[in-house]
Amino acid sequence: RFLEITKTIDMRQMQPQFLDSLESERERGITIKMAPVRMQYKEYILNMIDTPGHSDFSYEVSRALMAVEGAILLVDIMQGIQAQTLAKFYAAKKSGLKIIGAVNKVDLISDEESLNKRIKELADLIDCRPEEIYKISGKTGQGVEELLEAIIKKIPAPILSEIRISRALIFDSFYDDHKGIIASARVFDGEFNIGEDAYLIASDEKFKIKEIGHFSPRLKPIGKLLDGEIGYIATGLKDPEKIKIGDTIINLKSQISNLKSLALIGYDEPKPVVFVSFYSEESDQYDDLKKSFGRLKLNDSSLKFEADFNEVLGRGFKVGFLGKLHFEITAERLEKEFNIKVINSFPSVAYKIPQGENYKIIENPADLPDDIKEILEPMIKLEIITPNQYLGSILQLKEIFRMENIQTNSLGSEGRILITAKMPLAELISDFDDRLKSVSEGFASFNYELSGYQKGELEKMEILVAGAPVAGLIRVIPKKKLEYEARKMVEKLKNILPHQQFSQAIQAISGGRIVARETLPAMKKDVTGYLYGGDRTRKMKLWKKQKEGKKKLLSMANVRISADVFKKIIQ
């Protein structure tokens with residue numbers, strides 16, 4: 001609606017979710033990538049950044065908050081304040097931004113009393129009067145222009161610097177085949193012009209500016225970017241490692257001796273918490289997979305990847321993510337944007353084990369010792385907001401997901417409860433979100449943040465097929481769940497693995513003992529089918545010969561699990 005009112009987009013090109021350009025965003029109905037856009041309204045220039053809401057993409061939001069002066073806290077009137085709403089509000093408040101509250105979808109609610117309760121709840125959070133909360137409808141356009149006017153009236157204009165040095169903060173980047181790496185930047189001092197020499201402080205890299213422009217929201221070249229503006233700078237650089245999100249671009253037209261001292265305050269390095277190994281289904285696509293991850297990292301700086309190898313699947317990459325949804329979206333983008341089909345390992349988290357007086361971080365479960373004496377696992381602080389009637393069902397999840405230190409507080413006047421708890425991160429990346437949606441009928445929302453490490457009662461589980469360990473199926477399991485998970489895995493393998501000429505023992509092993517076992521019987525072949533009548537002795541000789549042959553085969557057995565079978569196991 002903002003794009004429509006400001007005539008930034010021609011009405012013929014207008015479509016719903018215009019700023020959600022990724023296919024995954026449109027399919028899921030969520031924002032994944034922040035999207036900057038410049039709008040002209042009356043005599044004002046407005047630089048807006050649309051940001052995601054999900055916890056896994058908090059890093060996207062933190063970068064956007066550094067580049068702006070204010071924020072609109074938008075709440076769905078039908079759902080009220082969600083756990084993510086609280087997290088984003090506190091982040092914006094910490095950044096010192098002017099916050100404007102607004103409730104959306106007011107056209108769907110006819111009960112005036114419920115509407116006023118939701119508005120008061122948001123007003124109490126922001127610490128303002130209920131009359132200062134804007135009632136809008138993105139569907140009908142009701143109240144949107146009043147909100148646009150409020151932005152101009154309430155959010156301060158950028159404070160222009162008196163420093164003569166031109167500096168800009170990189171908050172995003174992406175790749176163009178012709179222009180190289182393009183940096184999305186907020187100019188804090190001076191100005192930038194096409195053809196000028198520039199310098200990246202953190203990367204210690206010089207380049208000549210190929211093109212400058214702003215987001216309308218498509219790239220629109222202009223002559224220069226001025227202090228206080230948001231736009232893009234085409235660097236011409238081809239190596240993704242040269243551009244670092246949070247880096248400062250300096251204009252080199254002024255002679256400065258100590259450039260490093262001019263760096264703007266960037267962002268904390270994102271710390272991956274979920275690790276998954278990726279392998280391409282086609283063995284000759286390794287280089288394409290590497291290039292794809294490089295391009296994705298330009299657009300998603302929280303992505304971390306390094307080379308990996310699996311005996312079954314060959315060469316691949318171990319990739320670090322900020323959460324389970326982050327991992328799922330990346331896998332989708334690899335297939336849809338780069339046409340690479342991948343097989344991935346089980347998601348894992350980073351554990352700590354004692355090493356001398358310190359602790360060693362283990363990101364791959366295969367690197368853990370078989371007999372774990374002491375292990376620390378990452379913990380999260382979990383916040384769940386739910387209607388009161390689902391409280392009992394949600395509290396029952398504490399045994400399944402090892403939740404502890406549970407506290408409940410009433411939230412607002414609509415019978416909603418805020419549940420806070422401590423929980424291992426490994427539980428979150430299993431099926432916690434699905435189970436929470438199921439027991440709350442979709443009404444509960446959650447947010448989380450890391451809260452350090454804690455000793456855990458955990459075991460390393462390894463899978464053997466015909467006596468040989470299967471790389472990629474090693475997992476770390478809580479002791480309470482070990483037998484259940486082991487039984488589930490061997491039964492699944494028995495149903496998936498193809499039969500061989502010999503019987504295959506499928507075993508789950510932990511700490512040197514067999515926790516669960518299944519036997520996949522050998523293929524059946526009737527070696528006596530061509531015989532008819534006569535003495536039974538001939539048949540018995542053939543059966544004995546077959547049995548000895550299978551015994552010999554078993555001693556030479558080398559079961560190789562194909563990529564297709566491996567993919568079914570992971571699913």
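How many bridges join strand 16 to strand 19? In this predicted model, strand 16 and strand 19 (residues 342-344) are joined by 3 bridges, and the two strands run antiparallel. Within this pairing, S280 stands opposite V342 of strand 19.

Strand 16 also pairs with other strands. Strand 18 (residues 314-321) is joined to strand 16 by 5 bridges, again in an antiparallel arrangement. Here V276 lies opposite V319 in strand 18. A further 2 bridges connect strand 16 with strand 20 (residues 348-349), and these two strands run antiparallel. The bridge partner of F275 in strand 20 is S348.

The surroundings of strand 16 were examined next. Of the 7 residues of strand 16, 7 are buried, so the strand is largely enclosed by the rest of the structure. In a regular strand, side chains alternate between the two faces of the sheet. In strand 16, V274, V276, F278 and S280 point one way, whereas F275, S277 and Y279 point the other way. The residues of both sets are all buried. Thus V276, which stands opposite V319 in strand 18, and S280, which stands opposite V342 in strand 19, point one way from strand 16. F275, with S348 as its bridge partner in strand 20, points the other way.

The loop between strand 16 (274-280) and helix 7 (286-299) contains E282. Because its relative accessibility is 47%, between the limits of 20% for buried and 50% for exposed, E282 counts as partly exposed. E282 takes part in a negative surface patch, together with D284, D287 and D288.

Another loop was considered at G472. This residue is placed between strand 28 (468-469) and strand 29 (475-478). G472 has a relative accessible area of 25% and is therefore partly exposed. The C-alpha atom of G472 is separated by 9.0 Å from that of N344, although the two residues are 128 residues apart along the chain. N344 falls in strand 19, which covers residues 342-344 and is joined to strand 16.

A separate open sheet is described by the order 3-4-5. This sheet is formed by 3 strands, and the pairing is parallel. Strand 3 (70-76) and strand 5 (134-135) are the edge strands, each of which pairs on one side only. Strand 4 (residues 98-104) and strand 5 run parallel and are joined by 2 bridges. In this pairing, A102 is found opposite Y134 of strand 5.

Charged side chains were then considered. Side chains of opposite charge can pair when their charged atoms come close. Across the whole structure, a search finds 32 salt bridges. One of them is formed by R416 and E121, whose closest N and O atoms are 2.8 Å apart. This pair links distant parts of the chain, with R416 in strand 25 (residues 416-424) and E121 in helix 5 (residues 112-126), 295 residues apart. R416 counts as buried because its relative accessibility is 5%. E121 likewise counts as buried, at 9% relative accessibility.

A salt bridge also joins K224 to E191, with the closest N and O atoms 3.5 Å apart. K224 belongs to strand 13 (residues 224-226) and E191 to strand 8 (residues 191-193); the pair links distant parts of the chain, 33 residues apart. K224 has a relative accessibility of 37% and therefore counts as partly exposed. E191 is partly exposed as well, its relative accessible area being 25%.

In a further salt bridge, between E205 and K242, the closest N and O atoms are 3.3 Å apart. E205 lies in strand 10 (residues 205-208), and K242 lies in the loop between strand 14 (230-234) and strand 15 (248-251). The two residues are 37 residues apart, and the pair links distant parts of the chain. E205 counts as buried at 19% relative accessibility, because buried means under 20%. K242, in contrast, is partly exposed, with a relative accessible area of 29%.

Salt bridges also link E377, R402, E427 and K481 in a network.

Conventions
Residues numbered from 1 in each chain as written. Predicted model: local features only at pLDDT ≥ 70, side-chain atom pairs only at ≥ 80, totals over all residues. Heavy atoms only, no water. Patch = residues over 30% accessible without salt bridge, like charges linked within 9 Å, V, L, I, M, F, W, Y side chains within 5 Å. Areas by Shrake-Rupley, 256 points an atom, 1.4 Å probe, with all protein chains shown as cover. Salt bridge = Lys/Arg side-chain N within 4 Å of Asp/Glu carboxyl O. Lys, Arg positive; Asp, Glu negative; His and termini not counted. Charge placed at Lys NZ, Arg CZ, Asp CG, Glu CD. Helix = DSSP H or I, 4+ residues; strand = E, 2+ residues; numbered from the N terminus. Buried < 20%, exposed > 50% of the residue type's maximum accessible area, 1.4 Å probe, protein only. Pairing = 2+ DSSP bridges.
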